[in-house]
Amino acid sequence: MRIHFSSSRPCALRLGGALAGFCDECEKFAEIADDDPVLAEFLPADGNYLPLSFLLDRQFFENPPDFCDVYRYDCGADIVAARFSKRNPTISVLAQERCGDALATVFEAGTVQLSLENSANFRTDFLPRSKNYEIRRHTLGASELIGIYCASPEGKDDQTLLRLYDKNLQCVFDERANSFSFGETLNVRFAFNDIAGHIATQIFREENGAIVPVSRQVLAEHPCDVESMHETLLPFAFFQEVLLQGDLIPFLAPSLAEKADSVLTYLGNFCGVALPKEIFYLTHGKINAAGLIYPVRKNLFEIKFFAVQTQDRKITNILPVE
(Lines give C-alpha, C1' and ligand atoms only; values in the text may rest on other atoms or scores of the structure.)
Protein backbone atom coordinates (compact mmCIF):
# COMPACT_ATOMS: atom_id res chain seq x y z
CA MET A 1 0.00 0.00 0.00
CA ARG A 2 1.27 3.46 -0.84
CA ILE A 3 1.10 5.89 2.06
CA HIS A 4 1.56 9.64 1.66
CA PHE A 5 2.93 11.55 4.67
CA SER A 6 2.62 15.29 5.30
CA SER A 7 2.80 17.56 8.31
CA SER A 8 1.50 20.89 9.58
CA ARG A 9 5.09 21.73 10.61
CA PRO A 10 8.41 21.12 8.80
CA CYS A 11 9.58 17.69 9.96
CA ALA A 12 12.09 14.95 9.35
CA LEU A 13 10.24 11.73 8.62
CA ARG A 14 11.59 8.42 9.91
CA LEU A 15 10.11 5.07 8.88
CA GLY A 16 11.24 1.88 10.59
CA GLY A 17 14.08 3.83 12.20
CA ALA A 18 15.52 5.05 8.87
CA LEU A 19 15.37 8.64 7.63
CA ALA A 20 12.80 8.85 4.81
CA GLY A 21 13.30 12.53 4.02
CA PHE A 22 11.73 15.81 5.08
CA CYS A 23 8.12 16.86 4.75
CA ASP A 24 5.70 19.61 5.58
CA GLU A 25 2.62 20.33 3.47
CA CYS A 26 4.64 18.83 0.61
CA GLU A 27 4.21 15.07 0.84
CA LYS A 28 6.57 12.13 1.00
CA PHE A 29 5.32 8.67 0.14
CA ALA A 30 6.43 5.11 0.83
CA GLU A 31 5.28 1.64 -0.17
CA ILE A 32 4.40 -0.25 3.02
CA ALA A 33 3.18 -3.84 3.21
CA ASP A 34 -0.30 -4.23 4.71
CA ASP A 35 0.78 -7.04 7.04
CA ASP A 36 4.09 -5.53 8.18
CA PRO A 37 3.70 -2.94 11.02
CA VAL A 38 6.13 -0.03 10.66
CA LEU A 39 7.10 2.65 13.18
CA ALA A 40 6.52 6.16 11.76
CA GLU A 41 8.06 9.22 13.41
CA PHE A 42 7.69 12.95 12.69
CA LEU A 43 10.62 14.93 14.14
CA PRO A 44 9.86 18.69 14.08
CA ALA A 45 12.55 21.01 12.74
CA ASP A 46 11.61 23.36 15.58
CA GLY A 47 12.98 21.61 18.66
CA ASN A 48 10.47 23.38 20.88
CA TYR A 49 7.87 20.84 19.70
CA LEU A 50 7.66 17.18 20.65
CA PRO A 51 8.01 14.44 18.03
CA LEU A 52 4.97 12.41 17.02
CA SER A 53 5.22 8.65 16.55
CA PHE A 54 2.89 5.74 15.96
CA LEU A 55 2.87 2.16 14.69
CA LEU A 56 1.39 1.78 11.22
CA ASP A 57 -0.84 -1.28 11.55
CA ARG A 58 -4.48 -2.26 11.12
CA GLN A 59 -5.50 -0.70 14.44
CA PHE A 60 -3.96 2.65 13.45
CA PHE A 61 -6.10 2.88 10.31
CA GLU A 62 -9.23 1.96 12.26
CA ASN A 63 -8.66 4.34 15.16
CA PRO A 64 -5.87 6.89 14.50
CA PRO A 65 -4.51 9.02 17.38
CA ASP A 66 -5.95 12.49 17.87
CA PHE A 67 -2.82 14.29 16.67
CA CYS A 68 -3.15 13.17 13.06
CA ASP A 69 -5.74 13.14 10.26
CA VAL A 70 -6.04 9.99 8.15
CA TYR A 71 -7.61 9.57 4.70
CA ARG A 72 -8.05 5.94 3.58
CA TYR A 73 -8.74 4.75 0.03
CA ASP A 74 -8.62 1.48 -1.86
CA CYS A 75 -5.02 1.76 -3.08
CA GLY A 76 -3.41 3.86 -0.36
CA ALA A 77 -3.76 6.34 2.45
CA ASP A 78 -2.79 9.91 3.36
CA ILE A 79 -1.52 10.64 6.87
CA VAL A 80 -1.26 14.25 8.06
CA ALA A 81 0.61 14.96 11.31
CA ALA A 82 -1.61 17.89 12.19
CA ARG A 83 -1.34 18.72 15.89
CA PHE A 84 1.97 19.06 17.75
CA SER A 85 2.56 19.83 21.45
CA LYS A 86 5.30 22.05 22.86
CA ARG A 87 8.21 20.34 24.58
CA ASN A 88 8.32 22.56 27.67
CA PRO A 89 4.74 23.66 28.24
CA THR A 90 4.22 26.75 30.33
CA ILE A 91 0.76 28.10 30.97
CA SER A 92 0.12 31.38 29.19
CA VAL A 93 -3.24 33.12 28.88
CA LEU A 94 -4.05 34.08 25.27
CA ALA A 95 -7.51 35.61 25.85
CA GLN A 96 -9.89 35.97 28.77
CA GLU A 97 -13.32 37.55 29.16
CA ARG A 98 -16.23 37.42 31.59
CA CYS A 99 -19.52 36.81 29.78
CA GLY A 100 -22.39 37.19 32.24
CA ASP A 101 -21.65 34.84 35.12
CA ALA A 102 -19.24 32.74 33.03
CA LEU A 103 -15.48 33.16 32.77
CA ALA A 104 -13.94 32.11 29.44
CA THR A 105 -10.18 31.64 29.17
CA VAL A 106 -8.08 30.62 26.18
CA PHE A 107 -4.70 29.39 27.36
CA GLU A 108 -1.69 27.48 26.10
CA ALA A 109 -0.12 24.63 28.07
CA GLY A 110 1.61 22.55 25.42
CA THR A 111 -1.62 22.67 23.42
CA VAL A 112 -4.17 25.48 23.12
CA GLN A 113 -7.22 24.95 25.31
CA LEU A 114 -10.39 26.73 26.33
CA SER A 115 -11.76 26.68 29.87
CA LEU A 116 -15.30 27.78 30.68
CA GLU A 117 -16.68 28.04 34.17
CA ASN A 118 -19.73 29.46 35.89
CA SER A 119 -21.45 28.87 39.23
CA ALA A 120 -22.84 25.50 38.08
CA ASN A 121 -20.52 24.08 35.41
CA PHE A 122 -16.93 23.76 34.26
CA ARG A 123 -15.50 22.41 31.00
CA THR A 124 -12.35 22.44 28.90
CA ASP A 125 -11.98 22.00 25.13
CA PHE A 126 -9.01 21.89 22.80
CA LEU A 127 -8.68 24.67 20.22
CA PRO A 128 -6.65 24.80 16.99
CA ARG A 129 -3.51 26.91 16.86
CA SER A 130 -4.42 30.31 15.47
CA LYS A 131 -2.87 33.70 14.90
CA ASN A 132 -5.45 35.37 17.14
CA TYR A 133 -8.16 34.46 19.66
CA GLU A 134 -11.17 36.55 20.64
CA ILE A 135 -13.95 35.98 23.15
CA ARG A 136 -17.24 37.82 22.59
CA ARG A 137 -20.67 37.79 24.15
CA HIS A 138 -23.61 37.42 21.75
CA THR A 139 -27.38 37.41 21.95
CA LEU A 140 -29.33 35.33 19.45
CA GLY A 141 -33.07 35.04 19.98
CA ALA A 142 -33.63 34.09 23.60
CA SER A 143 -30.09 32.76 24.07
CA GLU A 144 -27.07 34.44 25.63
CA LEU A 145 -24.02 32.92 23.98
CA ILE A 146 -20.26 32.91 24.45
CA GLY A 147 -18.40 33.18 21.14
CA ILE A 148 -14.84 31.89 20.75
CA TYR A 149 -13.15 33.13 17.56
CA CYS A 150 -9.99 31.40 16.27
CA ALA A 151 -8.42 33.07 13.23
CA SER A 152 -6.50 30.86 10.80
CA PRO A 153 -2.69 30.82 11.11
CA GLU A 154 -0.66 33.17 8.92
CA GLY A 155 -0.32 31.95 5.35
CA LYS A 156 -3.49 29.88 5.50
CA ASP A 157 -6.98 30.75 4.29
CA ASP A 158 -8.73 33.79 5.75
CA GLN A 159 -11.39 31.74 7.51
CA THR A 160 -12.16 31.88 11.22
CA LEU A 161 -13.43 29.12 13.47
CA LEU A 162 -16.40 30.19 15.61
CA ARG A 163 -17.65 28.12 18.53
CA LEU A 164 -20.72 29.19 20.43
CA TYR A 165 -21.50 27.99 23.96
CA ASP A 166 -24.82 28.38 25.79
CA LYS A 167 -25.48 29.25 29.44
CA ASN A 168 -24.91 25.60 30.40
CA LEU A 169 -21.51 25.76 28.68
CA GLN A 170 -22.63 23.34 25.97
CA CYS A 171 -21.24 23.88 22.46
CA VAL A 172 -24.20 24.68 20.19
CA PHE A 173 -22.33 25.88 17.05
CA ASP A 174 -18.95 24.99 15.55
CA GLU A 175 -18.20 26.30 12.06
CA ARG A 176 -15.25 27.64 10.09
CA ALA A 177 -16.21 30.46 7.72
CA ASN A 178 -15.07 33.79 6.28
CA SER A 179 -17.42 36.06 8.21
CA PHE A 180 -20.17 36.01 10.84
CA SER A 181 -22.77 38.65 11.68
CA PHE A 182 -25.30 38.62 14.51
CA GLY A 183 -28.73 40.25 14.60
CA GLU A 184 -32.14 38.66 14.73
CA THR A 185 -30.37 35.78 12.99
CA LEU A 186 -26.79 34.58 12.58
CA ASN A 187 -25.54 35.13 9.01
CA VAL A 188 -22.51 33.10 7.97
CA ARG A 189 -20.52 33.60 4.75
CA PHE A 190 -18.32 30.88 3.28
CA ALA A 191 -15.88 31.44 0.39
CA PHE A 192 -14.63 28.28 -1.29
CA ASN A 193 -11.36 27.95 -3.16
CA ASP A 194 -12.88 25.80 -5.89
CA ILE A 195 -13.10 25.99 -9.68
CA ALA A 196 -16.23 28.15 -9.77
CA GLY A 197 -15.26 30.35 -6.81
CA HIS A 198 -18.44 29.56 -4.88
CA ILE A 199 -19.74 31.87 -2.18
CA ALA A 200 -22.32 30.43 0.23
CA THR A 201 -24.42 32.44 2.67
CA GLN A 202 -26.26 30.55 5.39
CA ILE A 203 -28.74 31.93 7.91
CA PHE A 204 -29.25 30.40 11.35
CA ARG A 205 -31.73 31.17 14.11
CA GLU A 206 -32.11 30.26 17.76
CA GLU A 207 -34.83 27.72 18.47
CA ASN A 208 -35.38 26.32 21.98
CA GLY A 209 -31.73 26.86 22.81
CA ALA A 210 -30.44 25.25 19.58
CA ILE A 211 -28.88 27.01 16.58
CA VAL A 212 -30.76 25.74 13.53
CA PRO A 213 -30.28 26.51 9.81
CA VAL A 214 -32.99 28.59 8.13
CA SER A 215 -31.76 29.05 4.57
CA ARG A 216 -28.70 28.71 2.37
CA GLN A 217 -27.81 30.52 -0.84
CA VAL A 218 -24.93 29.51 -3.11
CA LEU A 219 -23.52 31.72 -5.88
CA ALA A 220 -20.58 31.18 -8.22
CA GLU A 221 -18.25 34.12 -8.80
CA HIS A 222 -16.81 32.35 -11.87
CA PRO A 223 -19.59 30.09 -13.20
CA CYS A 224 -18.27 27.08 -15.07
CA ASP A 225 -18.55 27.20 -18.84
CA VAL A 226 -19.07 23.48 -19.33
CA GLU A 227 -18.92 23.80 -23.12
CA SER A 228 -15.34 25.09 -23.09
CA MET A 229 -14.04 23.36 -19.93
CA HIS A 230 -11.29 20.77 -20.37
CA GLU A 231 -12.88 17.36 -19.95
CA THR A 232 -10.44 16.33 -17.20
CA LEU A 233 -11.72 19.19 -15.02
CA LEU A 234 -15.36 18.28 -15.51
CA PRO A 235 -15.72 15.72 -12.67
CA PHE A 236 -14.06 18.05 -10.15
CA ALA A 237 -16.24 21.03 -11.09
CA PHE A 238 -19.34 18.83 -11.06
CA PHE A 239 -18.71 17.17 -7.69
CA GLN A 240 -17.84 20.56 -6.14
CA GLU A 241 -21.21 21.81 -7.38
CA VAL A 242 -22.93 18.76 -5.87
CA LEU A 243 -21.14 19.28 -2.54
CA LEU A 244 -22.46 22.85 -2.28
CA GLN A 245 -25.89 21.88 -3.61
CA GLY A 246 -25.51 24.30 -6.50
CA ASP A 247 -26.87 24.20 -10.04
CA LEU A 248 -26.19 20.78 -11.60
CA ILE A 249 -28.26 21.18 -14.78
CA PRO A 250 -25.47 22.73 -16.96
CA PHE A 251 -23.33 19.63 -16.32
CA LEU A 252 -25.92 16.94 -17.05
CA ALA A 253 -27.24 15.35 -20.21
CA PRO A 254 -31.05 15.61 -20.53
CA SER A 255 -31.57 11.98 -19.47
CA LEU A 256 -29.66 12.58 -16.22
CA ALA A 257 -30.90 16.14 -15.64
CA GLU A 258 -34.33 14.68 -14.88
CA LYS A 259 -32.73 12.93 -11.88
CA ALA A 260 -30.63 15.88 -10.65
CA ASP A 261 -32.38 15.99 -7.27
CA SER A 262 -31.37 12.40 -6.53
CA VAL A 263 -27.64 12.84 -7.30
CA LEU A 264 -26.77 13.96 -3.76
CA THR A 265 -28.69 11.03 -2.30
CA TYR A 266 -26.83 8.66 -4.62
CA LEU A 267 -23.41 10.06 -3.68
CA GLY A 268 -24.10 10.29 0.04
CA ASN A 269 -22.81 12.64 2.73
CA PHE A 270 -19.36 13.58 1.45
CA CYS A 271 -17.50 16.62 2.81
CA GLY A 272 -14.86 17.35 0.17
CA VAL A 273 -13.51 16.62 -3.30
CA ALA A 274 -9.96 15.30 -3.71
CA LEU A 275 -7.55 14.98 -6.62
CA PRO A 276 -6.54 11.32 -7.17
CA LYS A 277 -2.88 10.58 -6.49
CA GLU A 278 -0.54 8.89 -8.98
CA ILE A 279 -1.18 5.51 -7.32
CA PHE A 280 -4.86 5.75 -8.31
CA TYR A 281 -4.00 5.89 -12.02
CA LEU A 282 -1.34 3.17 -11.64
CA THR A 283 -4.00 0.97 -10.02
CA HIS A 284 -7.10 1.81 -12.06
CA GLY A 285 -5.73 3.13 -15.32
CA LYS A 286 -6.55 6.39 -17.08
CA ILE A 287 -10.00 7.16 -15.69
CA ASN A 288 -11.61 10.60 -15.57
CA ALA A 289 -12.51 10.50 -11.88
CA ALA A 290 -12.43 12.45 -8.63
CA GLY A 291 -12.20 11.38 -5.00
CA LEU A 292 -15.09 12.14 -2.66
CA ILE A 293 -14.16 12.48 1.01
CA TYR A 294 -16.52 10.88 3.54
CA PRO A 295 -16.14 11.48 7.29
CA VAL A 296 -15.84 8.34 9.41
CA ARG A 297 -15.07 10.11 12.67
CA LYS A 298 -13.45 13.39 13.74
CA ASN A 299 -9.98 12.70 12.29
CA LEU A 300 -10.64 9.69 10.05
CA PHE A 301 -11.95 9.91 6.49
CA GLU A 302 -12.68 7.51 3.64
CA ILE A 303 -12.05 8.56 0.02
CA LYS A 304 -14.22 6.90 -2.62
CA PHE A 305 -13.56 7.50 -6.30
CA PHE A 306 -16.30 8.24 -8.82
CA ALA A 307 -15.93 8.51 -12.59
CA VAL A 308 -18.19 10.33 -15.01
CA GLN A 309 -19.14 9.27 -18.50
CA THR A 310 -19.80 12.07 -20.95
CA GLN A 311 -21.27 12.71 -24.36
CA ASP A 312 -20.99 16.10 -26.08
CA ARG A 313 -19.44 17.47 -22.85
CA LYS A 314 -22.50 16.48 -20.79
CA ILE A 315 -22.45 13.87 -18.03
CA THR A 316 -24.51 10.83 -18.94
CA ASN A 317 -23.56 8.57 -16.02
CA ILE A 318 -21.82 8.62 -12.62
CA LEU A 319 -20.07 5.41 -11.64
CA PRO A 320 -18.09 4.29 -8.57
CA VAL A 321 -14.56 3.17 -9.42
CA GLU A 322 -14.25 -0.44 -8.31
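The points below describe a predicted model of one protein chain, moving from its overall make-up to its nonpolar cores.

1. In this predicted model, the secondary structure of the protein chain comprises 24 strands and 5 helices. Taken along the principal axes, the box filled by its C-alpha atoms is roughly 65 × 55 × 30 Å.

2. Of the 322 residues in the protein chain, 43% count as buried. Among contacts in the chain with a separation of 6 or more, residues 24 or more positions apart account for 43%.

3. Turning to the surface, the protein chain has an accessible area of about 17,100 Å², and 49% of this belongs to carbon and sulfur atoms. As for charge, the chain carries 44 negative and 30 positive side chains, with the centres of the two sets lying 4 Å apart.

4. The largest nonpolar core has 25 residues, of which F5, F42, F54, L56, F60, F61 and I79 touch the most other members. At least two residues of this core are supplied by each of the strands β1 (2–7), β2 (11–15), β5 (38–44), β6 (52–56), β7 (68–73) and β8 (76–81), and likewise by the helix α1 (58–62).

5. One of these core residues, L56, can be followed in more detail: once its neighbours within four places in sequence are left aside, L56 is in contact with I3, F5, I32, D36, P37, V38, A40, F61 and I79.

6. Apart from the largest core lies another one, made up of 23 residues, and its members include V226, F239, V242 and A260.

Definitions and conventions:
Residues are numbered from 1 along each chain as its sequence is written. This is a predicted model: local features need pLDDT of at least 70, side-chain atom pairs count only at pLDDT 80 or more; totals for chains, interfaces and linings use all residues. Side-chain values use heavy atoms; hydrogens and water are left out. Helices (H or I, at least four residues) and strands (E, at least two) are DSSP runs, numbered from the N terminus. Buried means under 20% relative accessible area, exposed over 50%, partly exposed in between (1.4 Å probe, protein chains only). Contact means heavy atoms within 4.5 Å. Accessible areas come from the Shrake-Rupley method with a 1.4 Å probe; for residues, only the protein chains shown count as cover. Lys and Arg count as positive and Asp and Glu as negative; His and the chain ends are not counted. The place of a charge is taken as NZ of Lys, CZ of Arg, CG of Asp or CD of Glu. A nonpolar core is a set of buried Ala, Val, Leu, Ile, Met, Phe, Trp, Tyr and Cys residues joined through side-chain atoms within 4.5 Å.
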